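Thanks, everyone, for making the time this morning. I would like to walk through one model, starting with the empty spaces inside it and ending with a pair of helices.

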Amino acid sequence: MQILLEVIVPVFIVIGFGYLVTWRKLFSDNAVDGIMRFAQNFAVPCLLFRGISRLDLGANFDFNLLSSFYGGAVSGFVIGLLAARYVFKRDWEDAVAIGFCCLFSNSLLLGIPITERAYGPEALTNNYAIIAMHSPFCYAIGITAMEIVRAQGASPATIAPKVLKAMFRNPLILGISVGLFVNLTGITLPMPLNDAIDMMIRSAIPVALFGLGGVLYRYRPEGDLKTIFFVCFVSLVVHPSISWTLGHLQNLTVEQTRSLILTASMAPGVNAYLFANMYGRARRVAASSVLLATAGSIITVWGWLSVLP
């Protein structure tokens, strides 16, 4: 119970406050869009830039850690894709969008604050190692799969430019890329610029969590409940279970295991809905899955925290 009260509940209070004031019309939809645009396009990319630019790449980019997380993520994508097609009888484009919901966990807006509250800021280095690849990896899989399905036999030379163009329009990927460039080149930023970035970073997580609550208000569960609950189960239970198994087999450290499971056990991120909306496929499933899995993760994350070393 102490873990629930001290670690999880404060994060969800901020989300719930954003939900409440949007529901009661104290905060307009346009205002929610504005702060989410600020968070996702500017403040959070600054957070990622800072984390990646200062990351010890040799020490933290551990193949066993990354393969454990992304092995679970890809397994979730494949399970979601095949279940959507053959169990829930969706067409292939819908199936890809549903698979993406099972692939893209909310590693940033939920994973970072929960890990930080549970184990302190020093525990985030492994989170950043995972997150550095998260958006590029997941978007590469999702966009490639969708373009292959839509292309109906087009050559890889036609598909590749579409994938790259879509990926590098994403501000999160740009923040990661610039941070990696600064890390590898050893560039020292001027102090005023460093201080300005630090100011942006301090606003990133609380603003993003508040805005996430406002966005979730729009995502009311409607129909497709069996598919939605299946996505929630894969995201909250199957992905972290597979990642834990892979991590155990590869003898991850306690610190790596904590970051691995807390990142893998997060609900689908808003990017799951953005991906579905981008292609106009399975939007109701994606939107409702984000909402219900985020609410359900209050209990499931508590459970994962209680069994972590």
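How much space lies in the second largest cavity? About 30 Å³ lies there, where a volume is the space filled by probe spheres set on grid points that are joined across faces, edges and corners. Before going on, I should say that this is a predicted model, in which local features need pLDDT of at least 70 and side-chain atom pairs count only at pLDDT 80 or more, while totals for chains, interfaces and linings use all residues. Residues are numbered from 1 along each chain as its sequence is written, and side-chain values use heavy atoms, with hydrogens and water left out.

By cavity I mean a set of points, on a 1 Å grid over the protein atoms alone, where a 1.4 Å probe fits but cannot get out; a pocket is an open set with protein on both sides within 12 Å along at least five of seven lines, and lining residues have an atom within 4 Å of a point. The residues lining the second largest cavity include Cys101, Cys102, Ser235, His239 and Pro268. Helix α5 (92-103) and helix α11 each give two or more residues to this lining, and the largest share, three residues, comes from α5. Helices here are DSSP runs (H or I, at least four residues), numbered from the N terminus, as are strands (E, at least two).

A search of the whole structure finds two cavities of 30 Å³ or more, and the largest cavity holds about 170 Å³ of space. Of the 17 residues that line the largest cavity, Phe104, Asn106, Leu108, Leu172 and Asn271 are the closest to its centre. By class, this lining has nine nonpolar, eight polar and no charged residues, counting Ala, Val, Leu, Ile, Met, Phe, Trp, Tyr, Cys and Pro as nonpolar, Asp, Glu, Lys and Arg as charged, and the others, Gly among them, as polar.

Turning to the pockets, the largest has a volume of about 560 Å³. Its lining is made of 21 residues, and Gln40, Asn41, Tyr139, Asn271 and Leu274 lie nearest its centre. Helix α13 gives the most to that lining, with six residues, and the lining as a whole divides into 13 nonpolar, four polar and four charged.

The second largest pocket has a volume of about 240 Å³, and of its 17 lining residues the closest to the centre are Leu47, Glu116, Pro121, Leu124 and Tyr128. Helix α10 gives the most here, with four residues.

Is alanine 204, which sits in helix α10 (residues 191-217), buried or exposed? Alanine 204 is buried, because its relative accessible area is 0%, and buried means under 20%, exposed over 50% and partly exposed in between, with a 1.4 Å probe and protein chains only. Leaving aside residues up to four places away in sequence, alanine 204 touches Ala43, Val44 and Leu47, contact meaning heavy atoms within 4.5 Å.

Finally, the helix pair. The axes of α4 (residues 63-86) and α11 (residues 225-249) come within 8 Å and cross at roughly 145°; axes are lines fitted to C-alpha atoms, for helices over the stretch in contact, and angles run from 0 to 180 degrees between N-to-C directions. The residues of this contact divide into nine nonpolar, 10 polar and no charged, and among them are Gly72, Gly76 and Gly80 in α4 and Val238, His239 and Ile242 in α11.
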